[in-house]
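I opened my notebook to look up cavities and cysteines. Here are my entries.

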Amino acid sequence: MKNILHLIKKDFKRKWKNPVVILGFLLIPVIFTLIFGIVFGSSEEQILPQVSVLVADKDTSFFSQFLLTSLNQGELKKFIKLEVVEEERGRKLLDKGKASALLIIPENFGDDVLEGRGAELTLLKNPAEQFLPQIAEEIVDTSSLLFSALFSVFSDEIILLRDVINKGELTDVDVSSISVQVKNRIEGISKFVFPPVISLKQITISEKEEEKATSLSVQGYILPAMAIMFLLFICNIVFEDILREKEMGTLLRMSVSPMKLSEFIWSKTITSALIGVLCTLVLIAVGRILFSIHWGNIFLVFLIVLCLNIMLAGFISFIYSFIRTERQAGAVLSSIIIVMSMLGGSMIPVENYPLFIQKISKFTLNYWGLRAFHKAIQQDPLQDFIPILLGMLAVGLLFSFVGAYFLRKNLRKGLLR
Amino acid sequence: MLKIEHLSKTFDSIKAVDDISFEVKKGEIFGFLGPNGAGKTTAISMISGLLKPDSGKITIDSMDLESHLKRIKKIMGVVPQDMAFYEELTASENLLFWGRLQGVKRKILEERIQIYLQATGLLGRENDPLKKYSGGMKRRINLIIGLIHQPKLLLLDEPTIGIDVQTRLNIFNLIKEASLQGTTILYTTHNLQEAEELCHRIAIMDQGKILAMGTLEELIQIVGEKDIIIISGKFSVDQGRKISSFFKDATVLSLKEGKIILSLEASKKMPLLLEEFFKHGISIDDVSIKQPNLESVFLKLTGRELRE
């Protein structure tokens, strides 16, 4: 144990005297968070990209126009960008990936609706996109449902209105006749509709309540996501030292001292975890000061940081048990870290992946680290954390022990060049 | 202090160390002399416990190495060929670290560091990072690291490669001082002068075997009164053999086209030998005569010059 302490002290001194690489890896998550914050805004409201939907209106009736106008109004206009095209051109544009969906309104759509024959809208989705066509589908689906209900209730009045429009002239008698009918219809259904059975209560959160806000800001997502990725790189720097010490001959010299090889390996794992903890705490402080991230319960956050870094150090030690040269380390570790970060949500939120990738994500360290941080920020109840923390700790210790065993074997073999 | 019995090690059918045996007494400086690839470093690696021998026994301070490795490591110091320390740390930090790793208390270490730095002329530079040191200064620190815990046995693997005369003298003084204090030293080198100057006894090693062992005087006895004569010129192996056969007291140590090395009393036989070459119409490019010394012993034993 004494030897481990001497080794850790020595490694800390060495890193302290040459901190540039670690500082660089600390700075990158902060810069990324800053850029994402600028691009996506610092508020906690979700900013969605506009969905580009092409419409091929083969009916061109009053009703199809009514449908299109309603899709292009109010709040919906923020989310949907409609463009009316010929069907053939629409299909071509969709093939080229120029839009997220193509809505085809069939001929006689209006007549079919009014006659109650049942009309069918066709929505072609861009197969290259996962997320945006889904939004388009939801919007069209909901609108169709509302229209169906509207036409069912006011069918007689709408038929009357259509006939008047088709006739081409609107007299005072027509207007009063339609008005009376609509009035009677509304009165008839008013006891079911007013007051509404279901109502939506809108609450604006006050400034004080916002302090306790549990939603996740862009920075609250990005900073921990990037931090975990770059913590893996920082762990890698510490473990790279094993190969460097082998190359420098210091490991050989230590091997003829009373120090055990396993003490040397454990010293690297502990140094890596400790440096990771310090770096994470620095990032948490930076997140609080620069980006106003509310990390939640400090004690809990510290536990997350500790378990996370034990897991990361253990994992890197395990990977190093298969690596023999610095060149191998550079190639293998970078690839593993980047792929794992990509899958685990450090680059793209996991929710945006298809289901099968989401399942794979659960096998990455980034996923669990991120979940823990997000739960802390969202102030989830304590019992939600315990399985994640224990899981991270168990995985970290398992990796550390297996890594130490194989790394010792590997080093013993390659000690004498 | 150190006893080696029938030590052997083979790497892929090549015998790196082939059945060597020797003993080194307390406080003795024992030289391992041989060219690169002779098996010196392999032998040292086995003695330091880094390599497991195929056969043989190593006893250090009356303890069997295999069964008492942990205890032996505490009384052993190793100075490798490469400079093995942390260049970004200062001399003090390095010496403290290596000393603590050997189990020496901090207070004792601090005192020793001052003494060793003073002895090697490095006092005043202890707080400079080693990357700012010259090659010679680094060599001195490399040696102090091996000595800082005052080991009973010190293994030195060519510790003076690429250094100036001043530093060499400094290092030799430190080694001699350690020897006087009772440290047993195993010193590998391929430098004949170093071995002659420093070692109490020398083992000449080549191709994994110890060819001869003893004090400098004992080794020179092997050559006797004869000198080593090296003649280079334009002659064939047959011509060389024929000429040498005229001299019954000559021993051919090495013969190849254009070069013959033989052991002969030069003062009496040299003119006759050269005359024989001229009689055969052979033109001679170079002649050298070596007085009996470690080099001539090596030549006689191996048929090769140490630098070949």
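Which element gives the most to the lining of the largest cavity? I found that S6(B) does, with three residues.

Before going on, I note that this is a predicted model, where local features need pLDDT of at least 70, side-chain atom pairs count only at pLDDT 80 or more, and totals for chains, interfaces and linings use all residues. Residues are numbered from 1 along each chain as written, chains are lettered from A and ligands numbered from 1 in written order, and side-chain values use heavy atoms, without hydrogens and water.

**Cavities.** I looked for cavities (on a 1 Å grid over the protein atoms alone, sets of points where a 1.4 Å probe fits but cannot get out; lining residues have an atom within 4 Å of a point). I found three of 30 Å³ or more. The largest has about 90 Å³ of space. Its lining includes A:Arg253, B:Trp98 and B:His149. Strand S6 (76–79) and helix H5 (135–147) of chain B each give two or more residues to that lining. By class, I read five nonpolar, five polar and one charged residues there.

The second largest cavity has about 40 Å³. Among its lining residues are A:Leu223, A:Trp295 and A:Phe373. Helices H11 (218–248) and H13 (261–291) of chain A each give two or more.

**Cysteines.** How many disulfides (pairs of cysteine sulfur atoms within 2.5 Å) does the structure hold? I found zero over all chains. The sulfur of A:Cys279 is too far for a bond, because the closest cysteine sulfur, in A:Cys235, is 9.0 Å away. A:Cys279 is buried (under 20% relative accessible area, 1.4 Å probe, protein chains only), at 4%. B:Cys199 is buried too, at 10%.

Methods. A disulfide is a pair of cysteine sulfur atoms within 2.5 Å. Buried means under 20% relative accessible area, exposed over 50%, partly exposed in between (1.4 Å probe, protein chains only). On a 1 Å grid over the protein atoms alone, a cavity is a set of points where a 1.4 Å probe fits but cannot get out, and a pocket is an open set with protein on both sides within 12 Å along at least five of seven lines; lining residues have an atom within 4 Å of a point. Grid points are joined across faces, edges and corners, and a volume is the space filled by probe spheres set on the points. Helices (H or I, at least four residues) and strands (E, at least two) are DSSP runs, numbered from the N terminus. Ala, Val, Leu, Ile, Met, Phe, Trp, Tyr, Cys and Pro count as nonpolar, Asp, Glu, Lys and Arg as charged, and the others, Gly among them, as polar.
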